[in-house]
Amino acid sequence: METSNTAQMYINEFDPVNYYQTYYSSGKGGIAREWTDFALQNLHEIFGSGGVKGDILIDFGAGPTIYQLLSACEVFNSIITSDFLEQNREQLEKWLKKDPAALDWTHFTKYVCELEGNRDTWEKKEETLRRKITKVLKCDALAEKPFDVPMPAADCLISCLCLESPCQDLEAYINILKKLKELLKPGGHIIIQSILNCSYYHIGNSCFPHLSLSKDDVEKSFKEAGYEIVNIKVLQRSVISEMEKSDSNGYYSIHARKPQRVRLH
């Protein structure tokens, strides 16, 4: 498959360490803190409720990050994480191996443990997550098959801040959702969290394009892709500064399911 211009830009310019320092390093406030609080609280509620659990979870397009798995690791036996970029997969492997040069996610681990009622268990949680992550794979949202290896049917798939990046239009976003549905067991869960009405975001001197979606766009896309929507949450952006980082005006979290049976029309 020919590499698109956007994909080539990510290969050449996406620096995971700079990305981490811009949006995730300890003490970050502003839109970075607003996003991670929103995302982590939603994931805590979804996975802590007991309604979403099982054997296999796929994290699609993780980037270099692990914070989105800190609640899920308590309720799944095996986690397959993935990203398109080799430099991001290398960062994930460094964290798994406790490389001294790995990105530090401790502040998020402590925050999730606090949500769960015990901040002191953060080291145990990181060990649990390392044990549960069984594979770090390459994924490609625009390929005919998102993974180039056989995949087990998953009980749940999550993706944060990923699907809009490779998409040129709404049709491409819907097509990705359809392909992700094929990775799920009947009745399997999908949880997508990202930003609303965003056309770009910056990392250092690089400006990356981003498909701008409204809440209505997201809901319509999931319905057209054949999912049953369980819940959708949105939060308006309250930080009006930092527009040089991103022009988003809010955040969304959608929880949906692959139908148990194929509907006959």
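Two strands pair if DSSP finds at least two bridges between them. Strand 6 (residues 200-203) and strand 7 meet that definition, because four antiparallel bridges join them. Across this pairing, Y201 stands opposite F208 in strand 7. The model is predicted. Beyond the hairpin, this briefing covers two nonpolar cores, the largest pocket and residue Q260.

**Hairpin of strands 6 and 7**
- Two residues lie between strand 6 and strand 7 in this hairpin.
- G204 takes a positive phi there, near 60 degrees.
- Strand 7 (residues 206-209) has two faces, one covered and one uncovered.
- S206 and F208 make up the covered face.
- C207 and P209 make up the uncovered face.
- F208, on that covered face, is the residue opposite Y201.

**Nonpolar cores**
- The largest nonpolar core holds 49 residues.
- Y24, F47, L57, Y67, W105 and L129 touch the most other members of this core.
- Helix 3 (residues 30-48) gives the most to the largest core, with eight residues.
- A second core, separate from the largest, has 34 residues.
- Members of the second core include L157, C162, I174 and I254.
- Leaving aside neighbours within four places in sequence, F47 is in contact with V52, L57, S71, A72, V75, F76, C156, I158 and I191.
- One of those contacts, L57, is also among the residues of the largest core that touch the most other members.

**Largest pocket**
- The volume of the largest pocket is about 970 Å³.
- Its lining takes in 50 residues.
- Nearest the pocket centre lie Y10, D83, F84, C162 and S165.
- C162 therefore has two roles in this description: it belongs to the second core and lies among the lining residues nearest the pocket centre.
- By class, the lining divides into 30 nonpolar, twelve polar and eight charged residues.
- Helix 1 (5-13), helix 2 (16-23), helix 3 and helix 4 (86-96) each supply at least two lining residues.
- Helix 3 thus appears in the pocket lining as well as in the largest core.

**Residue Q260**
- Q260 is found in the segment after strand 9 (250-257).
- Is Q260 buried or exposed? Q260 is exposed, because its relative accessible area is 54% and the cut-off for exposed is over 50%.
- Leaving aside neighbours within four places in sequence, Q260 is in contact with P186 and G187.
- Q260 and E228 are 32 residues apart along the chain.
- The C-alpha atoms of Q260 and E228 are separated by 9.9 Å.

How values were computed
Residues are numbered from 1 along each chain as its sequence is written. This is a predicted model: local features need pLDDT of at least 70, side-chain atom pairs count only at pLDDT 80 or more; totals for chains, interfaces and linings use all residues. Side-chain values use heavy atoms; hydrogens and water are left out. A nonpolar core is a set of buried Ala, Val, Leu, Ile, Met, Phe, Trp, Tyr and Cys residues joined through side-chain atoms within 4.5 Å. Buried means under 20% relative accessible area, exposed over 50%, partly exposed in between (1.4 Å probe, protein chains only). Contact means heavy atoms within 4.5 Å. On a 1 Å grid over the protein atoms alone, a cavity is a set of points where a 1.4 Å probe fits but cannot get out, and a pocket is an open set with protein on both sides within 12 Å along at least five of seven lines; lining residues have an atom within 4 Å of a point. Grid points are joined across faces, edges and corners, and a volume is the space filled by probe spheres set on the points. Ala, Val, Leu, Ile, Met, Phe, Trp, Tyr, Cys and Pro count as nonpolar, Asp, Glu, Lys and Arg as charged, and the others, Gly among them, as polar.
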